[in-house]
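The paragraphs below lead from one pair of charged side chains to the fold as a whole, and then to a few individual residues. It may help to keep the sequence and the model side by side while reading.

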Amino acid sequence: GPDRPKFLGPYSGDTPAYLTGEYPGDYGWDTAGFSADPETFAAYREAELMHARWAMLGALGCITPELLSTYGGVDFKEPVWFKAGSQVLTEGGLDYLGNPGLVHAQSIIAIVITQVILMGAVEGYRVNGGPAGEGLDKNYPGEAFDPLGLADDPDTFAELKVKEIKNGRLAMVAMFGFFIQAIVTGEGPIKNLQDHLADPTVNNGFAFATKFAPGNL
């Protein structure tokens with residue numbers, strides 16, 4: 001509501017009239033006026049929420065194989081997230097979670113077709129309804145999409161919405177950081193973290209950034 005915390009606390013000043021605090025994650029910040037139009041606002045809310053959910057899954061997927069390989073002794077052949085997919089193109093293929101008994105992927109075409117079918121079905125149900133339910137909120141469908149009943153209590157549901165968008169925004173920033181690290185260092189996030197902890201003054205973002213200064217190129 002209007003009494004929610006603002007993006008700069010007591011220094012936020014007057015927030016836009018169209019940001020009323022009705023939606024989770026609304027802290028009154030829209031300097032560029034992206035949400036002034038209600039239809040655009042709704043589209044951006046949906047896009048942000050979908051990207052946030054994928055970013056949370058992606059961030060977990062990026063670090064889990066590397067964590068298990070580094071500290072759990074699991075053999076993934078290639079645990080680094082941006083290199084792992086290339087195993088599909090090798091002679092032995094790609095074993096999910098290092099186990100050939102789960103999914104043994106050898107065809108990039110089969111993977112693409114499977115993903116298009118599965119994702120198309122899920123998105124179709126989310127937006128248009130289907131066997132999982134009709135007339136559902138496309139952002140928070142609930143019912144069959146909430147088997148644990150986490151949204152049964154309205155107060156708990158409202159709190160979970162805020163937690164979801166906060167963690168999702170953090171995950172989007174994390175994924176952007178993973179992308180930059182991969183381009184600059186050629187290593188995974190766990191290896192980058194280990195190197196930074198081992199020698200923080202040498203292995204950090206500022207040190208790598210100076211390598212791209214005009215005088216060093």
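With which residue does Glu164 form a salt bridge, and how far apart are the closest N and O atoms? In this predicted model, the partner of Glu164 is Arg53, and the closest N and O atoms of the pair are 2.7 Å apart. Because Glu164 lies in helix 4 (residues 154-185) while Arg53 lies in helix 1, this salt bridge ties together parts of the protein that are 111 residues apart in sequence. Arg53 counts as partly exposed, since its relative accessibility is 23%, and a residue is called buried only when the value is under 20%.

To place that pair in its setting, consider the fold as a whole. The protein has six helices and two strands, and these follow one another along the sequence in the pattern α-α-β-β-α-α-α-α. Its radius of gyration is 22 Å, whereas a compact globule of 217 residues would have a value near 17 Å. Taken along the principal axes, the box filled by the C-alpha atoms is roughly 55 × 55 × 30 Å. Of the 217 residues, 24% count as buried, and the accessible surface comes to about 14,400 Å², with 64% of that area belonging to carbon and sulfur atoms. If one takes the contacts between residues at least 6 apart in sequence, 40% of them join residues at least 24 apart.

The charges can be considered next. The protein carries 14 positive and 27 negative charges, and the mean positions of these two sets are 4 Å apart. Six salt bridges are found when the whole structure is searched, and one of them, between Glu164 and Arg53, has already been described. Another salt bridge joins Asp26 to Arg4, with the closest N and O atoms 3.1 Å apart. The two residues of this pair are 22 residues apart, and both Asp26 and Arg4 are in the segment before helix 1. Asp26 and Arg4 are both buried.

Within helix 4 there is a salt bridge between Glu159 and Lys163, whose closest N and O atoms are 3.1 Å apart. Because Glu159 and Lys163 are four residues apart in helix 4, about one helical turn separates them. Glu159 counts as partly exposed at 43% relative accessibility, and Lys163 is likewise partly exposed, with a relative accessible area of 43%.

What is the nearest side chain of opposite charge to Asp30, and how far away is that side chain? Asp30 is buried yet has no salt bridge, and the nearest side chain of opposite charge, that of Arg169, is 10 Å away. The place of Asp30 is in the segment before helix 1 (38-71). When neighbours within four places in sequence are left aside, the residues in contact with Asp30 are Pro16, Tyr18, Leu19, Ser35 and Ala36.

A last residue to examine is Lys77, which is in the loop between helix 1 and helix 2 (81-84). The phi angle of Lys77 is near 65°, a positive value in a residue other than glycine. Lys77 counts as exposed because its relative accessible area is 59%, the cut-off for that class being over 50%. Lys77 is thus exposed, whereas Asp30 is buried.

Conventions:
Residues are numbered from 1 along each chain as its sequence is written. This is a predicted model: local features need pLDDT of at least 70, side-chain atom pairs count only at pLDDT 80 or more; totals for chains, interfaces and linings use all residues. Side-chain values use heavy atoms; hydrogens and water are left out. The radius of gyration is taken over C-alpha atoms; the globule rule is 2.2 Å times the number of residues to the power 0.38. Buried means under 20% relative accessible area, exposed over 50%, partly exposed in between (1.4 Å probe, protein chains only). Contact means heavy atoms within 4.5 Å. Accessible areas come from the Shrake-Rupley method with a 1.4 Å probe; for residues, only the protein chains shown count as cover. Lys and Arg count as positive and Asp and Glu as negative; His and the chain ends are not counted. The place of a charge is taken as NZ of Lys, CZ of Arg, CG of Asp or CD of Glu. A salt bridge is a side-chain nitrogen of Lys or Arg within 4 Å of a carboxyl oxygen of Asp or Glu.
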